[in-house]
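Work through the exercises below with the structure open. Try each task before reading its solution.

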Amino acid sequence: MTHALDPIIVAADGGGSGCRACAGTLSRGILAHARGGPGNVHSDFDGAVRNLTGAVREALAKAGMAEADPRAITAHFGVAGAHTPGEMAAVQAALPYGQTSVTGDRATSVRGVLGSADGYVVALGTGTIIARQDCLETRTVGGWGFDLSDQASGAWLGLRLCQETVLVEDGLRPATDLSAQILSELGGLAGLIALSTGARPATYAPLARTVVEAAAQGDGLGRDLMLEGAGYVTRALHHLGYAPGDLLSLAGGLGPHYAPYLAEDLTRNLQPPRGTALDGAFAMALEAVK
């Protein structure tokens, strides 16, 4: 058990398909990790909070700190769907920890990927984060949730695959191996319609892997979708002021797969991520006690 000279620190990263948490102390850093269900507070506030706090409890247990008083814990949560100060405050009020700060997942993703370096981040998972960091100040483009934006994300790729497959069925687009595969897997057009009824981002995101694999094998539909996503990424980076040679990191489960579809002037100084959004959240929690 820790004491006042070595405060307990927890952090969480909430995304549309799942959440991650970690627990540690000021002197020893991260000691344990855990995973949980979706953590997008816009899609399902109560469910996201349950999943996030459940993952934190598991991480604390793995770290040997299951009996820690939540009021003595310092926490930072970076969660998808928390776009405004009011939304962040609502999440903070729902958490049981003594000293808690909350941001959207964009802030923690950028901090985790770049550390303290200046540069650009394209972090693509279920949702989209495209950002510039300059002297630890962050500016972003898009990422306002699946209903409004999140272009190039896993959920977006899955939805676009479904939309284009419907065009194939209607005879408005040539069939490809990818469209045939999806129709077969889903049980035809009826299955595709059933999938889309009441669908959430996490419904579509798993289809992104199929798009990526098909595009890599030369499928026309797969390549068209990846190029469409890459076009959005390119416009967003240029809008943020990207210049050839600037540091760029592609992060998230999907981000690195866009590298072959981006122009050379964007990938000239491509650097691997220094860490994850969870690392960024833990770093931000540490700052609150240092």
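**Exercise 1: a helix pair**

Helix α5 (residues 177-186) packs against helix α8 (residues 207-216) at an angle of about 150°, and their axes lie 10 Å apart. The model is predicted.

Task: Classify how α5 and α8 run relative to each other, then give the handedness of the crossing and the residues that meet.

Solution.
1. Start with the angle, about 150°.
2. Angles over 145 degrees count as roughly antiparallel. α5 and α8 are therefore roughly antiparallel to each other.
3. The crossing of α5 past α8 is right-handed.
4. From α5, the contact uses Leu178, Gln181 and Ile182. They meet Leu207, Thr210, Val211 and Ala214 of α8.
5. Sort these contact residues by type: five are nonpolar, two are polar and none is charged.

**Exercise 2: the nonpolar cores**

Task: Which residues touch the most other members of the largest nonpolar core, and which element gives the most to this core?

Solution.
1. The largest nonpolar core has 37 residues. Leu157, Leu237 and Tyr258 touch the most other members.
2. Next, list the elements that give two or more residues: β6 (119-124), α4 (154-169), α5, α8, α9 (220-239) and β9 (248-251).
3. α9 gives the most, with eight residues.
4. Now take Leu157. Leaving out residues up to four places away in sequence, Leu157 touches Ala208, Val211, Leu225, Met226, Leu254 and Tyr258.
5. Finish with the second core, which is separate and has 28 residues. Among them are Val49, Ala55, Leu60 and Ala82.

Definitions and conventions
Residues are numbered from 1 along each chain as its sequence is written. This is a predicted model: local features need pLDDT of at least 70, side-chain atom pairs count only at pLDDT 80 or more; totals for chains, interfaces and linings use all residues. Side-chain values use heavy atoms; hydrogens and water are left out. Axes are lines fitted to C-alpha atoms, for helices over the stretch in contact, and angles run from 0 to 180 degrees between N-to-C directions. Helices (H or I, at least four residues) and strands (E, at least two) are DSSP runs, numbered from the N terminus. Angles under 35 degrees count as roughly parallel, over 145 as roughly antiparallel, 65 to 115 as roughly perpendicular and the rest as oblique. A crossing is left-handed if the near helix is turned anticlockwise from the far one by less than a right angle, and right-handed if clockwise. Contact means heavy atoms within 4.5 Å. Ala, Val, Leu, Ile, Met, Phe, Trp, Tyr, Cys and Pro count as nonpolar, Asp, Glu, Lys and Arg as charged, and the others, Gly among them, as polar. A nonpolar core is a set of buried Ala, Val, Leu, Ile, Met, Phe, Trp, Tyr and Cys residues joined through side-chain atoms within 4.5 Å. Buried means under 20% relative accessible area, exposed over 50%, partly exposed in between (1.4 Å probe, protein chains only).
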